[in-house]
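The following paragraphs are meant to be read beside the sequence and the coordinates. Please keep both in view while following the strands and the residues packed between them.

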Amino acid sequence: MQLVVARIGRAHGIKGEVTVEVRTDEPELRLGPGAVLLTDPASAGPLTIETGRVHSGKLLLRFEGVRDRTGAEALRNILLIAEVDPEEMPEEEDEYYDHQLMDLDVVLADGTEIGRITEISHLPSQDLFIVECPDGTELMIPFVSEIVTEIDLEEQRAVIDPPPGLIDDRAEIVSSREESGEESREESGETSGEESGEESGEKSGEEEA
């Protein structure tokens with residue numbers, strides 16, 4: 001199984017170092033010195049990591065054979081890919097590889113179907129499930145324990161307990177619009193019409209009498 005573990009960014013300094021956008025929860029394991037990584041495009045690799053260090057919150061890598069800024073700049077935007085055993089699990093409990101989460105059914109605790117995970121988005125602050133709903137729309141579900149209460153790989157499902165508005169905000173908006181529309185119709189049509197009709201009938205009757 002091949003997993004994208006990083007994307008190479010811009011060159012750093014003049015000695016061949018590059019910044020990398022980490023796409024793995026295990027950078028020490030996947031991006032350590034000596035690691036041999038495949039690349040996308042394939043013609044750029046494989047690349048062997050020679051050194052790695054953190055500078056100003058960013059991971060800097062240098063690859064064997066890359067000794068200057070020109071060589072580092074030539075690697076920009078290349079994806080780094082690691083070979084992973086499909087049966088391998090992350091070292092930390094309650095952590096998963098992207099390929100294990102893809103295509104899981106997303107359901108509520110009562111079994112209500114929400115959709116299917118089609119993508120995992122790794123943001124600096126948190127990870128997101130991109131979920132495709134049966135009607136073709138997409139939802140973004142934060143992958144945090146307060147919301148994703150269970151991952152069942154055997155049943156191929158992710159159980160969520162979403163806070164108000166996370167998955168039903170559009171329904172609430174439509175409902176509120178419909179309610180406001182009904183109120184407007186009542187105020188301007190049925191109610192006022194009946195009242196005006198009764199009032200006009202009484203008045204005209206009194207005048208005729």
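Two strands are said to pair if DSSP finds at least two bridges between them, and the strands themselves (E, at least two residues) are DSSP runs, numbered from the N terminus. This is a predicted model, in which local features need pLDDT of at least 70 and side-chain atom pairs count only at pLDDT 80 or more, while totals for chains, interfaces and linings use all residues. Residues are numbered from 1 along each chain as its sequence is written, and side-chain values use heavy atoms, with hydrogens and water left out.

A convenient place to begin is strand E1. E1 and E6 run antiparallel and are joined by five bridges, and within this pairing Arg7 has Leu79 in E6 as its bridge partner. E1 is also joined to E2 by five bridges, again in the antiparallel sense, with His12 bridged to Glu17 of E2. These two strands, E1 and E2, form a hairpin with four residues between them, and Gly13 in the turn has a positive phi of about 75°.

Thr19 lies in strand E2. Its relative accessibility is 15%, so Thr19 counts as buried (buried means under 20% relative accessible area, exposed over 50%, and partly exposed in between, with a 1.4 Å probe and protein chains only). Not counting residues up to four places away in sequence, Thr19 touches Arg7, Ile8, Gly9, Arg10, His12, Leu59 and Leu60, where contact means heavy atoms within 4.5 Å.

The next topic is the nonpolar cores, each a set of buried Ala, Val, Leu, Ile, Met, Phe, Trp, Tyr and Cys residues joined through side-chain atoms within 4.5 Å. The largest has 20 residues, and those with the most contacts inside it are Ile8, Leu31, Leu61, Phe63 and Leu80. Two or more residues of this core come from each of the strands E1 (2-12), E2 (17-22), E4 (47-55), E5 (58-63) and E6 (79-83), and E1 gives the largest share, four residues. A second, separate core of 17 residues includes Leu104, Val106, Val131 and Ile141.

Further along the chain, six strands form an open sheet of mixed pairing in the order E10-E9-E8-E7-E12-E11. Its edge strands, each pairing on one side only, are E10 (138-142) and E11 (148-152). At the E11 edge, four bridges pair this strand with E12 (residues 157-160) in the antiparallel sense, and Ile151 has Ala158 in E12 as its bridge partner.
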